[in-house]
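Here are some friendly notes to read with the model open beside you. I have set them out as numbered points, so you can follow each one in the viewer.

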Amino acid sequence: ALYGILGFYSVYHAYKGLVTGNMGLSARYMIIQGVVLVYMFLAMLTPGSSFNGYMSLKKAKESDAPVADFYYGWVIVEATLWVLNMLLVGYALYLVLVNRRAGRPSGTSPTSRASQASEPSLPHASVMPKNSIARHA
């Protein structure tokens, strides 16, 4: 569960960092996902209690259990899924690295966003006739 929470936490920082142009947030994403990438590599390679890396193949092949064939197949599937996940995270890291340097698109500076947010959506009451104020309230 902690692994998933860490993933969502870092993706939030990447998204917010890219949208706002905050290099610190996108750097935090890259650091966290770098650590996660190392964990994924270890999970793909080594045998463990809650994951079966490629090093579990020998143990699975030598097993005399009735489900040995399933275990062997599952080790291959699980380790391959870790590899695919590593490729996906690596590609996402690459995209964040490239796009965080691109800067903001034109017209999306923090000052233009703040001025848009502070503008009222309805005309000012002093401009509107008195009888129309009730309709817009």
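1. Let us begin at Gly73, a residue located in helix α4. Please keep in mind that this is a predicted model. Gly73 has a relative accessibility of 29%, so it counts as partly exposed; the band for that label lies between the buried limit of under 20% and the exposed limit of over 50%. If you look from Gly73 to Leu57, the C-alpha atoms are 8.9 Å apart in space, with the two positions 16 residues apart in sequence numbering.

2. Now for the helix around that glycine. With 33 residues at 1.5 Å a residue, α4 should span 48 Å, and its end C-alpha atoms are indeed 48 Å apart, so the two values agree. The buried residues of α4 are Ala68, Val75, Glu78, Ala79, Trp82, Met86, Val89, Leu93, Val96 and Arg100. Do note that this list includes Glu78 and Arg100. The partners against which the buried residues of α4 pack are α1, α2 and α3 (57-62).

3. The surface deserves a look too. A nonpolar patch is formed there by Val67, Phe70, Trp74, Val77, Leu81, Leu84 and Leu87, which together have about 720 Å² of accessible area. Leu87 belongs to helix α4, which covers residues 68-100. Is Leu87 buried or exposed? Its relative accessible area is 57%, so Leu87 is exposed, given that the label applies over 50%.

4. Helix α1 runs over residues 2-20, and its 19 residues should span 27 Å at 1.5 Å a residue; the distance between its end C-alpha atoms is 27 Å, in agreement. Which residues of α1 are buried? They are Gly7, Ser10, His13, Ala14 and Gly17. These cover an arc of only 130° around the axis, and therefore sit on the same side of α1. Ile5, Phe8 and Tyr15 are exposed on the other side of α1.

5. What do the buried residues of α1 pack against? Their partners are α2 (23-45) and α4. Just past the end of α1, have a look at the backbone of Gly21, where phi is positive at about 75°.

6. Helix α2 has 23 residues, and the distance from its first C-alpha to its last is 33 Å, close to the 33 Å expected at 1.5 Å a residue. Buried in α2 are Leu25, Ser26, Tyr29, Ile32, Gln33, Val36, Met40, Ala43 and Met44. The cover over these buried residues includes α1 and α4.

7. Ser26 is a nice residue to click on in helix α2. With a relative accessible area of 1%, Ser26 is buried, because the cut-off for that label is under 20%. Leaving aside residues up to four places away in sequence, Ser26 touches His13, Gly17, Val96 and Arg100. Of these contacts, His13 and Gly17 are among the buried residues of α1, while Val96 and Arg100 are among those of α4.

8. Finally, let us step back to the whole chain. It has 6 helices and 0 strands, giving the pattern α-α-α-α-α-α along the sequence. Of its 137 residues, 24% are buried. The accessible surface of the chain is about 9800 Å², and carbon and sulfur atoms account for 68% of that. Among contacts with a separation of 6 or more, 51% join residues 24 or more positions apart.

Definitions and conventions:
Residues numbered from 1 in each chain as written. Predicted model: local features only at pLDDT ≥ 70, side-chain atom pairs only at ≥ 80, totals over all residues. Heavy atoms only, no water. Patch = residues over 30% accessible without salt bridge, like charges linked within 9 Å, V, L, I, M, F, W, Y side chains within 5 Å. Areas by Shrake-Rupley, 256 points an atom, 1.4 Å probe, with all protein chains shown as cover. Salt bridge = Lys/Arg side-chain N within 4 Å of Asp/Glu carboxyl O. Helix = DSSP H or I, 4+ residues; strand = E, 2+ residues; numbered from the N terminus. Buried < 20%, exposed > 50% of the residue type's maximum accessible area, 1.4 Å probe, protein only. Expected span 1.5 Å × (residues − 1). Arc of directions from axis to C-beta. Contact = heavy atoms within 4.5 Å.
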